[in-house]
Amino acid sequence: MGTMTAAEKRARAKAEYNAFLDVCPSRRLLDRISDKWVTLVLCALGGGASPSDDRPGEPRAMRFSELARTLAGVSQKMLTQTLRSLERDGLVTRTATATVPVTVSYELTGLGLSLHRQVRGLKAWAETHMDEILDNRAAHDA
């Protein structure tokens, strides 16, 4: 087996979508969905918005302002960019209703719901194991 050209490597990566290959487009997708704001927006729209909830709620549409209040610390610019990227990828739909002022809401698509199911497990794991992680960090740094 000879050496592959760059074009052959790109074709192979596209055909197989192998994230271990440097030219695979799935790497950019992994980079996007591993962003903290993407994770938190998906979880909020998927029904896990309330910190007091032990169980996730039902997925539902949320207005921009409601998302901004739910995601403590997110700037308007970052939330806008995150929602636009999720809409572009087909994970979120944006619905504008002709009112004064215009009412805009965001909701997970079927594709977004399938990703939400994966991401909520990661969020739950982080919340469950945070004390252990902090203890490990302190022990390592000591």
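**Exercise 1. Among contacts in the chain between residues at least 6 apart in sequence, what percentage join residues at least 24 apart?**

Solution.
- The model is a predicted one.
- Take the contacts between residues at least 6 apart in sequence.
- Of these, 41% join residues at least 24 apart.

**Exercise 2. List the elements of the chain in order, then judge how spread out the chain is.**

Solution.
- Count the elements: there are six helices and three strands.
- Read from the N terminus: the order is α-α-α-β-α-α-β-β-α.
- Now take the radius of gyration, which is 19 Å.
- The globule rule gives 14 Å for 142 residues.
- The value for the chain is well over that, so the chain is more spread out than a compact globule.
- For the extents, use the C-alpha trace: it spans about 65 × 55 × 25 Å along its principal axes.

**Exercise 3. Work out how the three strands pair.**

Solution.
- Start with strand 2, residues 92–97. It pairs with strand 3 in the antiparallel sense, over six bridges.
- Check the link: strand 2 and strand 3 form a hairpin, with five residues between them.
- Go to strand 1, residues 62–63. This strand also pairs with strand 3 (residues 103–108) in the antiparallel sense, here over two bridges.
- Strand 3 therefore has strand 1 and strand 2 as pairing partners, given that a pair needs at least two bridges.
- Pin down one position for each pair. Met 62 stands opposite Tyr 106 of strand 3. Thr 95 has Ser 105 of strand 3 as its bridge partner.

**Exercise 4. Is Ser 105 buried or exposed? Find its contacts too.**

Solution.
- Locate the residue: Ser 105 is in strand 3.
- Read its relative accessible area, 18%.
- Apply the cut-off: buried means under 20%. Ser 105 is therefore buried.
- List the contacts, leaving out residues up to four places away in sequence. Ser 105 touches Ala 61, Met 62, Arg 63, Thr 93, Arg 94 and Thr 95.
- Place some of these. Met 62 and Arg 63 make up strand 1, residues 62–63. Thr 93, Arg 94 and Thr 95 fall in strand 2, residues 92–97.
- Put this in context: buried residues make up 24% of the 142 residues in the chain.

**Exercise 5. Describe the surface and the charges of the chain.**

Solution.
- The accessible surface comes to about 10,000 Å².
- Carbon and sulfur atoms account for 54% of that surface.
- Count the charges: 20 side chains are positive and 17 are negative.
- Compare the centres of the two sets: they lie 8 Å apart.

Conventions. Residues numbered from 1 in each chain as written. Predicted model: local features only at pLDDT ≥ 70, side-chain atom pairs only at ≥ 80, totals over all residues. Heavy atoms only, no water. Helix = DSSP H or I, 4+ residues; strand = E, 2+ residues; numbered from the N terminus. Buried < 20%, exposed > 50% of the residue type's maximum accessible area, 1.4 Å probe, protein only. Contact = heavy atoms within 4.5 Å. Rg over C-alpha atoms; globule rule 2.2 N^0.38 Å. Areas by Shrake-Rupley, 256 points an atom, 1.4 Å probe, with all protein chains shown as cover. Lys, Arg positive; Asp, Glu negative; His and termini not counted. Charge placed at Lys NZ, Arg CZ, Asp CG, Glu CD.
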